[in-house]
Amino acid sequence: MSRYLNPAKACLLVLVELYTEGNVPSEATLPVLSFVISHLMERSPTENSADQTSRWSKAERTVGLIITIKDFEKLLGGRPFHAGAPGRTLWDEFLTKLWDVNSLHAFKTFFENLPHVLAWTKEERDRLAEMGELTEEEGIKLSPGSPLGLFIRRACLEYQRLQFHDGAELWKSFVRYRQPTANYLKRKIPGFERLSFDNVVLLGEKEGWERKGTMDLVSVVYGDILEGDRTSTLPVTTDDIEILLEFQIAQMQKYGNRVPLEIRHQFHDLLNDSHIIPSLTHYLCFLDAWRAGDYPTAFDSLHQYFDYTMQNRDRLFYQYALMNLAVLQADFGCYKDAVTSMLETVTTARENNDMTCLNFALNWLFHFGRAHPSLVRHLESQSLLGTGKDSLAFLRVKAKETGMWTLWSSVLLSEANLGLVSGDSVATAWEYVFRSSQVIVENNLKNMFGSQLSMLSALWDRLGVSTLGNMMNDIFLQCHVGYCIFDDELKVSSRIAMQLMSCGKYDEALKTLESLDENSMRSWMPRQYWHKYRNIIQLRRCLVHDDLERAEGLVSLVMQSNNDDLEPEITFTFDTLHIDYLTRRGDLQAATAKIDAMMTRLREDKKDVAYRVRLLLLKAALLDRCGRPLRGFTTAMRAASIAWRTRIIPSLWQAVGAIANVLVSLGEFEAASHLLLTVIPRSLESDGVSITAQLYTLLIDAKMGLAGQQAPKSKERGKYMTEALDAVQKAFTYYSRLEDIKQQCQLMAKKAMIMKLSGDKKLAADCAATYLQLQEKADAYRLGDE
């Protein structure tokens, strides 16, 4: 089989010739030319489509065109040919011209006549004018430099290079390719015969050749073409294989998805019928095995690919082999080996003066170091990479010098994130974000919008403006998801699911995760990421339902891989849920020990300061649960101070609530009430349902404390008790949204006590009945009735 030509391209040439002869109506010109160009140009207009399935349409079209002629029928079947030929379609005219090529000699003549559709060059015109043979060109002439002109010139050149055997094989493949249209022509053309595919055999049969000998000759040359040859190989060329390989690799690298199963099976069929298997096939196998979580196959395929390519390229691309190996090892938990491989990548890239690979390796080491500080701490002490800020400053300068705009934007976002993690100025973080936005807009870096909007969403959430944070997530999913890698879509969807979970909308959160593309979820790492967030939502739901038996199974499940997570947010969320589980189970000593261990680890690894604030608040809440709220005063003040300095606004309101709780325990009910009434409106603005519910619960105690200081049956006492009842109702509403049965029961008990103190025993009895109903509801949750 030839390197470039196949029956599908021969049919495209027939269609181009049909166009140049002026036989394509004006209304069909644009669809026909678009069809031809879409199979010639490497870039597809649907390459950046937001629809996951349409991204692979180019591969589907390429494979479909190679296998069958039906795509031509879909294009031309419903288009009329000319007004003067009623009932005749463009498909009929195309088949007529296609079947006019009725012998190997006619096939050769067809290619020899193709240059006649090209326009004369200036030199050819001057030469013909000197010879007096210059005539006016008829029909549509194609410029030799146009896409169609280049296609025709290359097709003619490739056909001239073919040996006779290869040319004959191409002709036989062409005959088999167009043979399915024979039945259609039999109905349209009365004189059409079964041997019309080869005029030589047809004439021989008419001249008296023996029928059996004729059929034996056809069988030897063309196989079982008349009976439908199912054993013949597909007419695939090396060029087709390479185009499909490059396209699949580009899609997997750009979007992080695996090849759809149907396309992969079709490609394997083509690959089996190809005489030459490019070395790039091993790299495709590596990517697919890597995405599938098959470490041994990915490791072997990576070695095979670079073993083949290194034979001719020496050590010029050795650093890329090491870089791929390091990323592969990191994804499968071999962190020490990954660091060693990436350091060797840095050394080799410096030797070869490959700044692109060097910058990527340093950027990877920085992000890896943020997730696993203990593994790269010795690098900073040896001054190989310097501190995190030094590495980012170096990368920012080099990325700007070398014009690596994507890296430049990514480094600016990393600097903004590093500033937030370290507790630096929020204004400085905004400056880095805006500079990154400028680089993205000026250089049209559509694939960076995911990281950009995720950073903006995190910033707004940190400042307590969750409405704008949710808007950033919605903007990404509605406008930019088609241009970004699937990991960005997964992270944004997970963030939305966590936001819904915090509002008590557990079913909507699970639906958000389940709405992701199924083919994209076939990849191993996104699937693991998806399962972890799904387990977080389910565990949170079990905890608020007080279903500790199910929660125990989920805790043991999520804690198994907690130490292997590259995402600090997931690790910290798992740990806090584990603390909540231990607290609800009554094992306060284990919960305290875990908090202390996490605090020590956070100080050593220099993790996000927001995690430290949240741990301080958990410790203060745990001390209150132990009946020692005064011991948590210093902890609450430290949390409030850090939250205010770093502008972590939601945690600031929670810290103020912890301080108010200490004031209540000291009997300073007026000060506690003043603090709570000040921060509750701000908490309502941040949509923090859990924090708002806690603040209203604390307000109940403060108001009841004030009521207790008043004279019995006084107006002031009744006022404070009424305000306490109002706080009970509001807290109950928010805990109902969270489906927190235990807190609802406590609130009903408080309400019953207030009613009893007010002298309304009937309402107190109703509250007691509601309390029992809530207990039954909790039992129903545990039994799985709801």
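# Exercises on a predicted model

The sulfur of Cys 745 is 12 Å from the closest cysteine sulfur, which belongs to Cys 767, and that is too far for a bond. The model is a predicted one. The exercises below start from this cysteine.

## Exercise 1. Cysteines

Task: Find how many disulfides the model holds, and state whether Cys 745 is buried or exposed.

Solution.
- Step 1. Apply the cut-off: a disulfide needs two cysteine sulfur atoms within 2.5 Å.
- Step 2. Test Cys 745. Its closest cysteine sulfur, in Cys 767, is 12 Å away, so no bond forms there.
- Step 3. Take the total. The count comes to zero disulfides.
- Step 4. Check burial. Cys 745 has 5% relative accessibility and counts as buried. Cys 357 is buried too, at 1%. Both labels follow because buried means under 20%.

## Exercise 2. A salt bridge inside one helix

Task: Which helix holds both Lys 108 and Glu 112, and how far apart along it are they?

Solution.
- Step 1. Confirm the contact. The side chains of Lys 108 and Glu 112 form a salt bridge, with N to O at 2.2 Å.
- Step 2. Place the pair. Both residues sit in helix H6, residues 104-113.
- Step 3. Read the spacing. They are four residues apart, so about one helical turn separates them.
- Step 4. Add exposure. Lys 108 is partly exposed at 39% relative accessibility. Glu 112 is partly exposed as well, with a relative accessible area of 44%.
- Step 5. Set the pair in context. The whole structure contains 30 salt bridges.

## Exercise 3. Salt bridges between helices

Task: Which helices are linked by the pair Arg 495 and Asp 461? Which are tied together by Arg 614 and Glu 569?

Solution.
- Step 1. Take the Arg 495 pair. Arg 495 bridges to Asp 461, and the closest N and O atoms are 3.7 Å apart.
- Step 2. Place its ends. Arg 495 is in helix H26 (residues 486-502) and Asp 461 in helix H24 (residues 449-462); the pair links distant parts of the chain, 34 residues apart.
- Step 3. Check accessibility. Arg 495 is partly exposed at 30%, and Asp 461 is partly exposed at 22%.
- Step 4. Take the Arg 614 pair. The closest N and O atoms of Arg 614 and Glu 569 are 4.0 Å apart, and the two form a salt bridge.
- Step 5. Place these ends. Arg 614 lies in helix H32 (residues 609-625) and Glu 569 in helix H30 (residues 568-585), so the bridge ties together parts 45 residues apart in sequence.
- Step 6. Check accessibility again. Arg 614 is partly exposed at 31%. Glu 569 is partly exposed at 33%.
- Step 7. Look for shared partners. Salt bridges with partners in common join Arg 540, Asp 580, Arg 584 and Asp 740 into one network.

## Exercise 4. Surface patches

Task: Which residues make the nonpolar surface patch, and which helix gives the most to it?

Solution.
- Step 1. List the members. Val 200, Trp 209, Leu 217, Val 220 and Val 221 make a nonpolar patch of about 460 Å² on the surface.
- Step 2. Find the main contributor. H12 gives the most, with three residues.
- Step 3. Inspect one member. Leu 217 is placed in helix H12. It is partly exposed, at 38% relative accessibility.
- Step 4. Stay in this helix. H12 covers residues 211-222 and also holds Gly 213. Gly 213 is partly exposed, with a relative accessible area of 35%.
- Step 5. Turn to charge. A surface patch of positive charge gathers Arg 603, Arg 612, Arg 638 and Arg 645. Of these, Arg 645 lies in helix H33, residues 633-646.

## Exercise 5. Positive phi

Task: Where in the chain are Asn 353 and Asn 444, and what is the sign of phi at Asn 353 and at Asn 444?

Solution.
- Step 1. Recall the general rule. Most residues other than glycine have a negative phi.
- Step 2. Read the angles. Asn 353 has a positive phi of about 55°. Asn 444 also has a positive phi of about 55°.
- Step 3. Locate Asn 353. It is in the loop between helix H18 (335-351) and helix H19 (355-371).
- Step 4. Locate Asn 444. It is in the loop between helix H23 (426-442) and H24.
- Step 5. Check exposure. Asn 353 is exposed at 61%, and Asn 444 is exposed at 52%. Both qualify because exposed means over 50%.

Notes
Residues numbered from 1 in each chain as written. Predicted model: local features only at pLDDT ≥ 70, side-chain atom pairs only at ≥ 80, totals over all residues. Heavy atoms only, no water. Helix = DSSP H or I, 4+ residues; strand = E, 2+ residues; numbered from the N terminus. Buried < 20%, exposed > 50% of the residue type's maximum accessible area, 1.4 Å probe, protein only. Patch = residues over 30% accessible without salt bridge, like charges linked within 9 Å, V, L, I, M, F, W, Y side chains within 5 Å. Areas by Shrake-Rupley, 256 points an atom, 1.4 Å probe, with all protein chains shown as cover. Lys, Arg positive; Asp, Glu negative; His and termini not counted. Charge placed at Lys NZ, Arg CZ, Asp CG, Glu CD.
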